[in-house]
Amino acid sequence: MKRKTSNPFTHFHTSRTSPKWCPVCFHKLDSVSCVTAGEVPRVGDFTVCIECASVLRFNAMMDMELSTLEDIPTHSRMLFARMVTTLKELQRVRSKPRPN
Ligand SMILES: [Zn+2]
């Protein structure tokens, strides 16, 4: 039975893609997470680098270019803003020194 995705903020479907590199941190990105199962990135789609939390956009060559939250259509901007905020919080937590 296929699981319904009722909340786009908590349910993502991850699929492998051909390797791309973040233009900001050069992290290798070879998978994407989409709200809809079976979706693959297309020219003009936005994404967020899992490593540096930069907002990126697939160009005509399907490489990633630096973009901004303001470039994202308003109906999706809040979702991306939450992803960026969450990734930056993870980076902050990871960079904290751990108690011995
Ligand atoms: Zn990056």
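**Exercise 1. Which pattern does the protein chain follow, read along the sequence?**

Solution. The model is predicted. Start with the count: the protein chain holds one helix and five strands. Then put them in sequence order. The pattern is β-β-β-β-β-α.

**Exercise 2. Work out the strand order of the open sheet and name its edge strands.**

Solution.
- Step 1: take the pair of strand 3 and strand 4. Three bridges join them, and they run antiparallel. Within this pair, Val-48 stands opposite Val-55 of strand 4.
- Step 2: take strand 4, residues 55-58, with strand 5. This pairing is also antiparallel, over three bridges. Here Arg-57 has Glu-65 in strand 5 as its bridge partner.
- Step 3: combine the pairs. Three strands make an open sheet in the order 3-4-5, with antiparallel pairing. Strand 3 (46-48) and strand 5 (64-66) each pair on one side only, so they are the edge strands.
- Step 4: add the geometry. From one strand to the next, the twist averages 40°.

**Exercise 3. Place helix 1 relative to the sheet.**

Solution. Helix 1 spans residues 74-95 and packs on the sheet. The strands touched are strand 3 and strand 4. For orientation, compare directions: helix 1 makes about 15° with strand 3.

**Exercise 4. Describe the two hairpins and find a residue with positive phi in each turn.**

Solution.
- Step 1: strand 3 and strand 4 form a hairpin with six residues between them. In the turn, Ala-53 has a positive phi of about 70°.
- Step 2: strand 4 and strand 5 form a hairpin with five residues between them. In that turn, Met-62 has a positive phi of about 65°.

**Exercise 5. List the largest nonpolar core and say which strand gives the most to it.**

Solution.
- Step 1: list the members. The largest nonpolar core has eight residues: Cys-22, Phe-46, Val-48, Cys-49, Val-55, Leu-56, Phe-58 and Met-64.
- Step 2: assign them to elements. Strand 3 and strand 4 are the elements that give two or more residues. Strand 4 gives the most, with three.
- Step 3: follow one member outward. Beyond four places in sequence, Cys-22 touches several residues, including Cys-49, Leu-56 and Met-64. Other partners of Cys-22 include His-27, Leu-29 and Cys-52.

**Exercise 6. What percentage of the 100 residues in the protein chain is buried, and what percentage of its contacts between residues at least 6 apart joins residues at least 24 apart?**

Solution. Burial takes 20 or more other C-beta atoms within 10 Å. Buried residues are 11% of the 100 in the protein chain. Next, take contacts between residues at least 6 apart in sequence: 39% of them join residues at least 24 apart.

Terms used:
Residues are numbered from 1 along each chain as its sequence is written. This is a predicted model: local features need pLDDT of at least 70, side-chain atom pairs count only at pLDDT 80 or more; totals for chains, interfaces and linings use all residues. Helices (H or I, at least four residues) and strands (E, at least two) are DSSP runs, numbered from the N terminus. Axes are lines fitted to C-alpha atoms, for helices over the stretch in contact, and angles run from 0 to 180 degrees between N-to-C directions. Two residues are in contact if their C-beta atoms, placed from the backbone, lie within 7 Å. A residue is buried if 20 or more other C-beta atoms lie within 10 Å of its own, exposed if 12 or fewer, and partly exposed in between; C-beta atoms are placed from the backbone. A nonpolar core is a set of buried Ala, Val, Leu, Ile, Met, Phe, Trp, Tyr and Cys residues joined through C-beta atoms within 7 Å.
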